[in-house]
Amino acid sequence: MEKKRVYTIADEIGITSKELIAKLEELDIKVSSHMSTLTREEADIIVEMFKEEKAVKVKPKEKEVKKVDLVLEHTEHEEEPENKKSEKQDKKEKNKKQDKKESKNTGHIEIRKEEKQDKPETEKQDDDGIIVLDETVVVGEFATLIGVPPTQVIMSLMKMGIMANINQNIKFETAEKIAFEFDKLVELKEPEEEKEDIIIQEDSEEDLELRPPIVTVMGHVDHGKTSLLDAIRKTKVTDKEAGGITQHIGASEVYINGKKVVFLDTPGHEAFTQMRLRGAQVTDIAILVVAADDGIMPQTIEAISHAKAANIPIIVAINKIDKPTANIEKVRQELSNNGLLVEDWGGDVIDVPVSAKKGENLDKLLEMVLLVAEMEELKANPNRPAVGTVIESNLDKGRGPVATVIVSNGTLKVGDPVIAGTAYGKIRALVNDKGQRVKKATPSTPVEILGLNEVPMAGDQFVVMPSEKAARTIGEKRRIKQRDEQMKATSKITLEDLFDKMQEGEVKELDIVLKADVQGSLEAIRQSIEKISNEQVQLRVIHSGVGAVADSDIMLASASNAIVIGFNVRPTSSAIAMAEREQVDMRTYRIIYELIEDIEKAMKGMLDPEYKEVVIGQAEVRETFKVSGVGTIAGSYVTEGKVTRSSKARLVRNGIVIYDGEVASIRRFRDDVKEVARGYECGITLANFNDIKEQDIIEAYEMQEIER
Ligand SMILES: Nc1nc2c(ncn2[C@@H]2O[C@H](COP(=O)(O)OP(=O)(O)OP(=O)(O)O)[C@@H](O)[C@H]2O)c(=O)[nH]1
């Protein structure tokens, strides 16, 4: 580390060494003489501090002006006389109240008016003179806020053993201590809640009526999800509406004993989790299809994890019972191994053996769906303007933007002005799942809506607005906000920032998606991981499975703000791309101990930086010499880049890595040298390794820290 002598620093400031030593003593920095050294960083801060101090002494006026400028940049009335300020404050309070009154209340939603931001985002002073600060604050700004010269703040910091210059950030806790020293009070800014632009008002209990359940079918590939959906639709849809042709709109309704059940058309948990990723939970109940001849398979386990993560009840349909190889009891056994104990086995999970092919027991399955729905008490108020979720959307050549929505509450009518994400418009037509035009759609009903100005996204919430104008205003505002947000990267949890987020109280749980090469290691790792939970943070494996890290793992992690850990497995290339896009922290390990150690370190905020290997050169071994006391010296010729004494080295023979370690020495003629470049000969020895042969390749590499 570069150092500076006291006399040089004194010289730079323009004072004598003695004066500097005395000043440093005041700051509790002990130096014995003018020959003592400080680190370069310390020296810079001290020089800067003294320069500032001098400037304040010499040109107090200019400094004042600058200070006011700085304040003006943030807020115009911070420097106003007290009485005027409070007058303004009063007015503002009144305005605020007025605003609140004015914010439109349509009976079911409240449209929030934007509050004027006339104070700086980060810091402000509240009415009783308490200065409100963020988690961190820049030294210079903090000094201005508490009305103390920056040099004094820097000095106080030094006394606390913190070397920071005027442009550096300090933590709130530090700022608080310093403010106390100067008789000022500060408080931590309360985290602002994400303000919704539309507040949907709750219904009172007496307005609520039961609504049909919305069901998603999940399960392993080929276990019969599509067959089951088709079979249900064929028997049930055509039963009711003779000749009615099911049109694909993303969801369909079926009737059992006169009661309606809504099925989402896209089977599988990917679509389901995709929606959750967008913050929408449409599904009330999951039907887990398990083929009786195949049993629980990896995607079955995934589906279980996804449904559990979404906290929805699961009904198991044990399918293909018509097959001679069907083994229902085996499926039940496997279910219990995966945390689903069926009723026959003393648990509370409902399972129904069915055959999608033969149409067997489908009524029983649907009855169970209704039963679970009843227990869930799914309710809505049909007598209010509608809200719901977009489940599919597309741009139709003839009809323009088309969206299938499911009404979650209220009744949607033709002519209603709506907003869906950033899209807005007036409902021109409603089309049901049979392709028929309808006038209205009640709770849990899937319908296509026409009349939006653009195609919304699946997962977007739609809300009926008081007027078309209100819909447009909100739509435009959202578009601007969306653009802003796209600029800011979304912050997902990572092991690096785990500690900081724990300190800030943002994180109480670390969810993990775990993939490993064999079942045995999965269990061992899961147990070890969950054991290291402490009071501050709970570690939870929300999904584990055998095999490569796949897209669905990343999707689940992203939707649940989890990290992904792969043990002895690699991610697929599309999973890598997806993790990058979704900013999911994904790590792979080959040694359990290292995996556990990384998590433990992350919990203490001491995670080592990540390194990547960079090959810096290659040398060919042309001759070898055995020297007693030294070992084998490889007489080599550097063919690429360079080889340095500090590099790591690999010995490669016929493409196979024979040794991986470090360069012990490099000599040119009889001298030890630091490095040898391409085109030169040299003698290389490797640390603790002598089995070097002619024609071997020595590959020199370095581990470089990756910027995160
Ligand atoms: N014997 C028998 N075969 C069935 C049954 N249900 C589905 N199958 C067959 O199983 C195969 C897979 O059925 P699908 O409905 O395509 O399965 P899936 O789960 O939707 O498959 P993916 O869409 O590929 O994930 C088809 O050949 C079906 O005919 C059943 O109850 N009995």
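**Reading the strands and the ligand shell**

Modeller: Y637 finds its bridge partner in β37, where E681 takes that place. This is a predicted model, in which local features need pLDDT of at least 70 and side-chain atom pairs count only at pLDDT 80 or more, while totals for chains, interfaces and linings use all residues. Residues are numbered from 1 along each chain as its sequence is written, and side-chain values use heavy atoms, with hydrogens and water left out.

Colleague: What makes β32 and β37 a pair?

Modeller: Two strands (DSSP runs of E, at least two residues, numbered from the N terminus) pair if DSSP finds at least two bridges between them. Strand β32 (631-644) and strand β37 (681-686) are joined antiparallel by four bridges, so they meet that condition. Strand β32 also runs antiparallel to β36 (675-677), with three bridges between them, and T644 of β32 stands opposite E675 in β36.

Colleague: Why are β28 and β30 said to stand at the edges?

Modeller: The open sheet has four strands, ordered β28-β27-β29-β30, with parallel pairing. Because β28 (538-546) and β30 (586-589) each have a single partner strand, one side of each is left without a neighbour in the sheet. From one strand to the next the twist averages 25 degrees (axes are lines fitted to C-alpha atoms, for helices over the stretch in contact, with angles from 0 to 180 degrees between N-to-C directions). Within this sheet, β27 (509-516) and β29 (563-567) are paired in the parallel sense over five bridges, and A516 has F567 of β29 as its bridge partner.

Colleague: How do you know which way helix α16 runs relative to β28?

Modeller: Helix α16 (519-531; helices are DSSP runs of H or I, at least four residues) runs at about 175 degrees to β28. It lies across β27, β28 and β29, where contact means heavy atoms within 4.5 Å.

Colleague: What makes β12 and β16 edge strands in the sheet of six?

Modeller: That open sheet has the order β12-β13-β11-β14-β15-β16 and mixed pairing. Strands β12 (251-256) and β16 (350-353) are its edge strands, as each pairs on one side only. Here the twist averages 30 degrees from one strand to the next. Strand β12 is joined to β13 (259-264) by six bridges, antiparallel, and V254 has V261 in β13 as its bridge partner.

Colleague: What makes the contact between K225 and the ligand a polar one?

Modeller: A polar contact is a pair of N or O atoms within 3.5 Å (within protein, one must be able to donate a hydrogen and the other to accept it, and residues adjacent in sequence count only if both atoms are side-chain atoms). A polar side-chain atom of K225 lies 2.9 Å from a ligand oxygen atom, so the pair falls within the limit. Polar backbone atoms also qualify: one of H223 is 3.3 Å from a ligand oxygen, and one of A356 is 2.9 Å from a ligand oxygen. The protein buries 69% of the 640 Å² that the ligand exposes when taken alone (Shrake-Rupley method, 1.4 Å probe; for residues, only the protein chains shown count as cover).

Colleague: Which residues are closest to the ligand, and which helix gives the most to its shell?

Modeller: The ligand is surrounded by 15 residues (a heavy atom within 4 Å), the closest being K225, T226, S227, D322 and A356. Helix α9 (225-240) gives the most, with three residues.
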